[in-house]
Amino acid sequence: SVSSIVPESCLLIVVGLLVGGLIKGVGEKPPILKSDIFFLFLLPPIILDAGYFLPLRPFTENLGTILIFAVVGTLWNAFFLGGLMYAVCQLGGPGLNHIGLLANLLFGSIISAVDPVAVLAVFEEIHINELLHILVFGESLLNDAVTVVLYHLFEEFASFEQVTILDIILGFLSFFVVSLGGVLVGVIYGVIAAFTSRFTSHIRVIEPLFVFLYSYMAYLSAELFHLSGIMALIAAGVVMRPYVEANISHKSHTTIKYFLKMWSSVSETLIFIFLGVSTVAGHHYWNWTFVISTLFFCLIARVLGVLVLTWFINKFRIVKLTPKDQFIIAYGGLRGAIAFSLGYLLDYEHFDMRDMFLTAIITVIFFTVFVQGMTIRPLVDLLAVKKKQETKRSINEEIHTQFLDHLLTGIEDICGHYGHHHWKDKLNRFNKKYVKKCLIAGERSKEPQLIAFYHKMEMKQAIELVESGGIGKIPSAVSTVSIQNINPQTLPLERVLPALSKDKEEEIRKILRTNLQKTRQRLRSYNRHTLVADPYEEAWNQMLLRRQKARQLEQKMNNYLTVPAHRVDSPTMSRARIGSDPLAYEPKEDSENLPIITIDPASPQSPESVDLMSEEPKGCSGLPPSPEEDEEGLVMRVKEPSSPGTDDVFTPGTSDSPSNQRMLRCLSDPGPRPEPEEGEPFIPKGQ
């Protein structure tokens, strides 16, 4: 019940305080956390664990934001805090007047850096979402370069009689040397570790040793040249992991995983306990003005830095950092044992106020770990900040994520915008084409690992089946047919699937993830002369040409065959004329037949909407006209819509018969009236 309220790091500090008080109570001198022990033995396991199992995708996607917080934010905190503390020392009375600007800037650089150990201890327990966790934790890892540079810079400047402009420029350039040099050292040792693991197939027992050995060598080599050992460890872990895991056995992978977790947990426990013990054992000089000002300005500098930097970062981010996120980032800036050890490293010769600095540093550490660490969990619940997903993503989600990555890479290629997807794809291609062949042994460097893994699982299952007695003792020379004859067995109704362990399941997921989604193949650039011909394209073009010719013919008929037909009298007028002069107005045979014009309702304004093929007299159908139709005059009927998939040009309709064609010609240009005895059509059949 206590651990759900108080973080583990706070409880360990309390245990250290009790142990230190008990040792001091019996008259002994409690041990103090020496900086050499901390930096050489206790810190590397925690950083290696964080770097080896670093979530690479969210880290690389937010690398720009992390770097801005780690570099610009730490510089802002150091100089803002150092300048204000110098002002406090000048106004604070006789006890603080002798502390100069360089000493205050050195103190600001020590206390300004966010501590990765404290962040890991607190953020692992509150299960914050991946974005916030990687922002705060990534900042705590990468600000080590800034802290190392500023610490050594101000320590060197303290021994100078006069600091020139050249010294400041060289100090600025040393930041790039320290950070990039540490990364380079880590990459070199990571490649050596991956190459060594290629040849360890016959000595599986010592495979984990190489991971620990080369990582520790990277840290020591970086510290030897005053480079960033933390960045060297992170780079070594990130570089070696994919190649080492492809070479080593599954048992070695499990050993590395659990040994690193145990080692980092032990180091973390010892660090916080030693912090408590050192608090009791150390020499302290309490100055209310200095300590309270340090605590207050630390909080103010953190909040202002996060607000200003987030306002700038959100101009370039797609996923904006909300005010809740900004509050958690500012509130999660915990200080820890790194600041204490750096303060402990100061010598009395140049910094006679070291005890006061250590007292202020311990006060800030206790405040951030106890107050902020204990209240961040209820604040996260109160603000309803998104929590971390406890369930793993399905393989379907992972494959679709990779598909979207390749889709975005293709879009960037088409647009000519070389963003991080483009360079990530280039790096993956270079890795697959050259690096994997050199650093991964045998068939594992090639793409299809799934089939080999399937054979391996089948072989293992067969061995387990034989060992469990599922099949009797079988002579090696007996074939499978004779086995069935000798020892017939009825198949079980349900196949019992072996339960997979979590590690085996994770291995299957990794292989499926890397094999089910192939990377895009390099295609030739677009060229209209090298396009593959479409087999259906020619037939489609022919059909379009026939349609176009038919429409042109129809338009010509409308344009040129414009001789008006003979006017047909209405039935009333015909009867009146017949009654007045039967001989002069003899009714014609087909005068009572009226044409029918079919209208397409889709586009009544278009001249092509009139179907001339349907203009036929009613008498042509062979039926006598009804009296209702006699009185209606011109009858306009809606054209029946064609069924989907039919071609209105090439599908023969009822109007394509020879008689309909004859009536069309007669309506457009009837010519001389044929005699009643002539039965020949105007257009002969067969044409």
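**Figure 1. Overview of the predicted protein chain.** The secondary structure of the protein chain amounts to 24 helices and three strands, and the coordinates shown here and in the views that follow belong to a predicted model. Of the 687 residues in the protein chain, 38% are buried. The chain exposes about 41,500 Å² of surface, of which carbon and sulfur atoms supply 64%. Among the contacts with a separation of 6 or more, 81% are accounted for by residues that lie 24 or more positions apart.

**Figure 2. Contact of helix H2 with helix H14.** Two packed helices are described by the angle between their axes and the distance between the axes. Here the axes of helix H2 (residues 35–52) and helix H14 (residues 337–344) come within 8 Å and cross at roughly 145°. On the H2 side the contact is made by Ser 35, Phe 38, Phe 39 and Leu 43, which meet Ala 337, Ile 338, Ser 341, Leu 342 and Tyr 344 of H14. Sorted by character, the residues of this contact comprise seven nonpolar and two polar ones, with no charged residue.

**Figure 3. Salt bridge between Asp 49 and Lys 261.** The structure holds nine salt bridges, and this view shows the one formed by Asp 49 with Lys 261, whose closest N and O atoms are 3.6 Å apart. The pair links distant parts of the chain, since Asp 49 belongs to helix H2 and Lys 261 to helix H11 (residues 250–281), with their positions 212 residues apart. Asp 49 has a relative accessible area of 10% and is therefore buried, the limit being under 20%, whereas Lys 261, at 39% relative accessibility, counts as partly exposed.

**Figure 4. Salt bridges of Glu 207 with Arg 204 and of Glu 245 with Arg 241.** The side chains of Glu 207 and Arg 204 meet in a salt bridge with an N to O distance of 2.5 Å. Glu 207 counts as buried at 2% relative accessibility, while Arg 204 is partly exposed, with a relative accessible area of 28%. In the other pair, Glu 245 forms a salt bridge with Arg 241, and the closest N and O atoms are 3.1 Å apart. Because Glu 245 and Arg 241 are four residues apart in helix H10 (residues 229–247), they are separated by about one helical turn. Glu 245 is buried, with a relative accessible area of 14%, and Arg 241 counts as partly exposed at 26% relative accessibility.

**Figure 5. Salt-bridge network of Arg 57, Glu 61, Asp 405 and Lys 424.** These residues, namely Arg 57, Glu 61, Asp 405 and Lys 424, are linked to one another in a network of salt bridges.

**Figure 6. Aromatic pair Phe 366 and Phe 370, and an aromatic cluster.** The count of aromatic pairs in the model comes to 22. One of them is formed by Phe 366 and Phe 370, a tilted pair at 5.8 Å centre to centre, with 55° between the planes. Phe 366 and Phe 370 both lie in helix H15 (residues 354–383), where they are four residues apart, about one turn of the helix. Phe 366 is buried, with a relative accessible area of 19%, and Phe 370 likewise counts as buried at 19% relative accessibility. Elsewhere, Phe 107, Phe 290 and Phe 357 form one aromatic cluster.

Terms used:
Residues numbered from 1 in each chain as written. Predicted model: local features only at pLDDT ≥ 70, side-chain atom pairs only at ≥ 80, totals over all residues. Heavy atoms only, no water. Axes fitted to C-alpha atoms, helices over the stretch in contact; angles between N-to-C directions. Helix = DSSP H or I, 4+ residues; strand = E, 2+ residues; numbered from the N terminus. Contact = heavy atoms within 4.5 Å. Nonpolar A, V, L, I, M, F, W, Y, C, P; charged D, E, K, R; others polar. Buried < 20%, exposed > 50% of the residue type's maximum accessible area, 1.4 Å probe, protein only. Areas by Shrake-Rupley, 256 points an atom, 1.4 Å probe, with all protein chains shown as cover. Salt bridge = Lys/Arg side-chain N within 4 Å of Asp/Glu carboxyl O. Phe/Tyr/Trp six-rings, centres within 6.5 Å; stacked < 30°, edge-to-face > 60°.
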